[in-house]
Amino acid sequence: MLRVLWLFAALDAALLLDTGMLFPRESSSRERKELNGLWAFRADGSPNRNQGFESAWYKSRLAETGPVIDMPVPASYNDITQDPTLRDFIGWVWYEREVTVPTRWITDDGLRVVLRVGSAHYYSVVWVNGVKVTEHEGGHLPFEAEIGTLLRKDPTMPCRITIAVNNTLNLHTLPPGTIQYMTDRTRYPAGFFVQNYNFDFFNYAGIHRPVLLYTTPKAYVDDITVVTDFLDNTGLVRYGVSVKGTTSAAMKVTLIDKGGHCVVSSNEASGVLKVPNVNLWWPYLMHQNPGYLYSLEVRLKATDESSTYEDVYTLPVGIRTVNVSSTQFFINNKPFYFHGVNKHEDADIRGKGLDWPLIVKDFNLMKWLGANSFRTSHYPYAEEILQMCDRHGIVVIDESPGVGIKDIRSFGNASLSHHLAVMDELVRRDKNHPSVVMWSVANEPAAEMPPAENYFKTLIMHTKALDPTRPVTYITDSNFSRDKGAPFVDVICVNSYFSWYHDPGHLEVIPVQLNTQFEDWYGKYKKPIIQSEYGADVVPGLHNDPPVMFTEEYQKLVLQQYHSVFDQKRKKYVIGELIWNFADFMTTQGITRVVGNKKGVFTRQRQPKAAAFILKERYWRLANETGALPLWTKYPCPL
Ligand code: BDP
């Protein structure tokens with residue numbers, strides 16, 4: 001009974017935002033029209049980058065106000081052309097596309113037509129046929145606008161969608177950045193400026209995720225929240241459906257198993273579904289049948305004076321629990337050890353653009369490696385990736401774009417309120433993914449600064465209130481004095497680069513320094529610890545024995561030194577290890593980066609370096625010790 005009460009409390013807290021952001025799915029009542037492909041594009045190269053607004057480029061076809069080039073969507077625009085000024089462009093760029101909408105979408109005024117952008121970096125303004133329909137701050141999260149009413153005003157007009165995107169960062173954006181104007185005319189040309197930021201990945205920009213139109217009936221399912229639990233072999237799915245466009249709707253909610261059989265149903269908009277002989281959602285390598293998903297089908301029927309509306313939305317649901325003690329992390333009450341990776345959304349040519357071949361390749365590589373988890377360093381990843389995680393049982397630490405918060409002015413109220421809003425959007429989008437087991441509110445902020453304590457306390461408490469069912473963390477660097485947020489987190493996540501950024505070349509310091517790191521943090525906070533980053537750069541193919549930095553041998557040895565300490569501490573309170581990084585990735589240019597960060601165990605083209613084999617052998621061994629593998633996958637790992 002207590003557990004059920006807790007489920008009620010969790011759900012109410014999770015419904016703070018007033019509209020939902022359900023992933024757009026087709027159903028018998030909903031259609032989708034993808035707008036991926038080629039868009040017309042122009043960067044606004046005017047000195048103040050504002051000509052597009054001054055000359056109202058959104059009012060007519062983009063080609064009528066100046067030259068345009070082809071730009072693929074989704075993709076970052078930076079690496080698409082041979083023009084270095086576009087690669088390094090800062091300011092507004094303009095995208096445009098015309099689409100023919102099916103006539104019935106216009107004639108049927110019982111339909112909503114929604115324009116949705118999966119993500120665009122960083123600030124976006126959207127017009128349809130010259131009328132502004134929405135704007136949104138922040139990359140990495142979706143936004144949408146209802147445009148049916150507008151299209152119906154003049155059904156003879158084609159639907160012209162214009163999206164202006166600006167990648168300029170400031171002290172209050174997430175991540176933060178600054179624009180620096182160089183005014184010394186003896187050294188810089190007129191108008192020269194650069195964008196500075198304190199994070200170690202290229203600030204790719206553009207429309208990064210799919211753009212689409214979808215329909216719903218006027219009365220529709222706006223949001224669904226599920227929170228799951230189980231008692232013995234009965235699953236409990238506490239759900240709440242929020243409906244818009246009607247004040248009274250008849251509802252049928254059905255939970256369907258993988259075989260398509262109805263397991264349990266209800267006619268209420270909220271309640272607890274009891275699932276007999278439950279198939280729990282298990283992580284990859286922890287169970288023979290990982291990633292089990294039920295389908296929660298929500299059907300609503302509403303009537304007004306003129307019509308009857310029916311809406312159907314089906315949400316995948318994994319039934320599992322997550323808990324933390326002072327020394328362990330539990331999934332379904334069984335200890336879970338994170339043996340995984342940190343990733344980036346990053347690849348040749350497309351930058352941060354969503355790319356299915358890349359996504360599937362990365363999942364195949366993670367499974368080959370024996371990785372059971374990853375952290376979405378350093379921003380929320382595409383929903384399509386989280387759906388893959390749900391299906392394959394890959395566990396996720398879901399991180400906000402709070403990276404590179406190093407300037408004291410980024411700890412003020414403007415920054416905090418934006419950071420809180422981003423957590424709202426993140427939790428609203430990702431709350432129903434069984435793969436997401438923890439929220440990370442930030443990476444390596446300058447947490448030693450005086451305002452940091454209040455900032456992180458507020459942020460972490462807010463996130464816990466939004467979602468009391470998942471632990472919350474932020475990622476700290478190895479500097480033990482930077483612990484202002486640590487009292488509030490559920491799990492300590494520490495990044496360290498011993499024998500790399502400190503004591504370069506001295507592999508022998510790793511065991512003692514890592515031991516000190518763990519003992520310090522655990523001794524003070526008595527909370528479980530994840531080594532959330534460690535690693536070393538390698539220029540692939542570079543060899544030296546005895547090992548020296550940047551060679552394949554050195555990266556292998558760094559890993560092995562860390563692993564020996566993990567093996568002692570994981571018997572105590574270390575609950576995971578995430579390598580930095582899964583693959584090489586692009587950064588801004590600088591003297592410490594040779595065409596990007598090379599700490600990947602795979603190259604940017606996804607070929608293994610020598611360290612990948614060390615990791616693979618280890619992860620399969622760990623899986624064998626901590627999971628429940630069938631015989632055929634037992635250590636030694638498969639070829
Ligand atoms: C860590 C950062 C990560 C960097 C990494 C590195 O969290 O973003 O890429 O260092 O320097 O501190 O390789």
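**View 1. Salt bridges link domain 1 and domain 3 in this predicted model.** Three salt bridges are counted between the two domains. Take a look at arginine 593 and aspartate 200, which form a salt bridge with their closest N and O atoms 3.0 Å apart. Polar contacts join in too: 16 residue pairs make them across the interface of domain 1 and domain 3. On the side of domain 1 that touches domain 3, you will find 16 nonpolar, seven polar and six charged residues.

**View 2. Domain 1 and domain 3 bury about 2,900 Å² between them.** To get your bearings, the protein chain is divided into domain 1 (31-214), domain 2 (218-317) and domain 3 (322-626). Carbon and sulfur atoms carry 60% of the area buried between domain 1 and domain 3. Leu141, Leu174 and Phe201 are worth picking out here, as they supply 22% of what domain 1 buries against domain 3, more than any other three residues. In contact terms, 29 residues of domain 1 meet 41 residues of domain 3, and the C-alpha centres of these two domains lie 31 Å apart.

**View 3. The ligand has 13 residues around it.** Those that come nearest are Asp200, His378, Glu444, Tyr501 and Lys599. Zoom in on the oxygen atoms of the ligand: one lies 2.5 Å from a polar side-chain atom of lysine 599. For histidine 378, the distance from a polar side-chain atom to a ligand oxygen is 2.6 Å. Asparagine 443 places a side-chain N or O atom 2.9 Å from an oxygen atom of the ligand. Taken alone, the ligand exposes 320 Å², and the protein buries 90% of that.

Note on methods
Residues numbered from 1 in each chain as written. Predicted model: local features only at pLDDT ≥ 70, side-chain atom pairs only at ≥ 80, totals over all residues. Heavy atoms only, no water. Domains from an automatic or database assignment. Contact = heavy atoms within 4.5 Å. Buried area = accessible area lost by both parts, 1.4 Å probe. Salt bridge = Lys/Arg side-chain N within 4 Å of Asp/Glu carboxyl O. Polar contact = N/O pair within 3.5 Å; in protein donor to acceptor, adjacent residues only side chain to side chain. Nonpolar A, V, L, I, M, F, W, Y, C, P; charged D, E, K, R; others polar. Near = heavy atom within 4 Å. Areas by Shrake-Rupley, 256 points an atom, 1.4 Å probe, with all protein chains shown as cover.
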